[in-house]
Amino acid sequence: MAVLFWTAIALIIAFLVFNSRTIRHGGETGDFPVFYVAGLGLADGDNIYVKPDNAGEYIYPPFLAWVFSFISPTGQAASAWIWGFTNAAMLAASLVIGASAIARRFDLKPTVSAAGAIALIALLLNIDKTKSVISGGQTDLVTVLGVTLAMAWHQRRPALAGCFLALAGIIKYVPLAFLGLLLIRKRFATVCWTGIFFLLLAALPATTIGWSRNLELWSIALGGVGRLFGYSGGDLFTESIRDSTHFLSISVTSAMTRLLSPEPGKAAALAV
C-alpha cells in the first residue's frame, strides 16, 4: 500500500506542475510576474516597491526578491519552470516530513504506509488551494515547508527548526506567530535560533546590493506592515495594503482593531 500511496502523491504533484497556468503561459500569469520582475529590478538597482507597468505590486521583504535575482536572469519562461519544480519539491518535502512526524507521534504501524495515507489525504483535502498556489507561481509553499519542518523538528533539532521557521517568516510574516506557541511550550532554544536565522536571512541581500540599500528596502517593507495600523509612511502600498479596519478583512487582528478604535487605538490593537 505504501508504494500505491506515494506513487499517487508523485503523480498528483507532477500533474499540478505540468498543468500550471503560469508555466503554460511562459511565466506571464498569476502572481509569478511580481517575483520575476522584482528579481530583475533588485539586480538592476531599482526600487522594487515601486509598482512596475508589467507586473503587480511587490509587498514582500527584500529577501524574496534577492532569491529571484538569481532565478530571473534565466528568462521569464525558464524562471517559471524553475519555480514550478521548486514548489513541487517543497510540497513533496512538506508532505513526507509532516506526515511521517504525525505517524510517529501517533505510533501508527507500518509507519511508511501510514505516512503515505496521511500525506495523500492531506493533499486531496487541500488540492484546490495547492493547485492555485502552484498554478499561480505563488510563494505559500515556502511558508508551508518552513512551518511544517519547524513543528516537526522543534523538540529534537531546535537549530534546524528555527532556521526553517525564520525562512517562512522572511517570506510572509504570519508564521512568526508560531513563536508564541513555542514560548508557551518552553522551546526557548528554537525561539532563539529563529531570531538568529531571521536576522541572518534578512542580511543576506546585503551581500550583493550593499548594507545601506538593504536597510532602505527593509524600512520600506516594514512601512507597508505599519500602514495596516495607520503609519502614513507606507504610501507606496496604497493600492495593495489597506488599513486594518477595512470592512473586507475578517481576521482577528482587524476585529480587534475595529473594537479598540478610536480609543485606545490601533497601536493597542496591534499589541493585543
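**A walk from Thr 190 to the H5–H6 crossing**

Thr 190 touches His 154, Pro 158, Ala 161, Gly 162 and Leu 182, leaving aside residues up to four places away in sequence. Keep in mind as you look around that this is a predicted model. Thr 190 itself is found in helix H11, which spans residues 188-203. Its relative accessibility is 1%, so Thr 190 counts as buried. One of its neighbours also offers a polar partner: the backbone oxygen of His 154 lies 3.2 Å from a polar atom of the Thr 190 side chain.

Now step back to the loop between helix H10 (178-184) and H11, where you will find Lys 186. Its phi is near 60°, a positive value in a residue other than glycine. With a relative accessible area of 63%, Lys 186 is exposed.

A second loop, between H5 and H6, holds Asp 107 and Pro 110. Asp 107 has a positive phi of about 55° although it is not a glycine, and at 54% relative accessibility it counts as exposed. Further along, the peptide bond from Lys 109 to Pro 110 is cis, with omega near -10°.

What about the two helices on either side of this loop? The axes of H5 (residues 76-105) and H6 (residues 111-125) come within 8 Å and cross at roughly 125°. That angle makes H5 oblique to H6, and the crossing is right-handed. On the H5 side, the residues in contact include Leu 91, Leu 95 and Ile 102, while H6 contributes Ala 115, Ile 118 and Leu 123, among others. The residues of this contact divide into eleven nonpolar, two polar and one charged.

Conventions: Residues numbered from 1 in each chain as written. Predicted model: local features only at pLDDT ≥ 70, side-chain atom pairs only at ≥ 80, totals over all residues. Heavy atoms only, no water. Axes fitted to C-alpha atoms, helices over the stretch in contact; angles between N-to-C directions. Helix = DSSP H or I, 4+ residues; strand = E, 2+ residues; numbered from the N terminus. Parallel < 35°, antiparallel > 145°, perpendicular 65-115°, else oblique. Left-handed = near helix turned anticlockwise from the far one by under 90°. Contact = heavy atoms within 4.5 Å. Nonpolar A, V, L, I, M, F, W, Y, C, P; charged D, E, K, R; others polar. Buried < 20%, exposed > 50% of the residue type's maximum accessible area, 1.4 Å probe, protein only. Polar contact = N/O pair within 3.5 Å; in protein donor to acceptor, adjacent residues only side chain to side chain.
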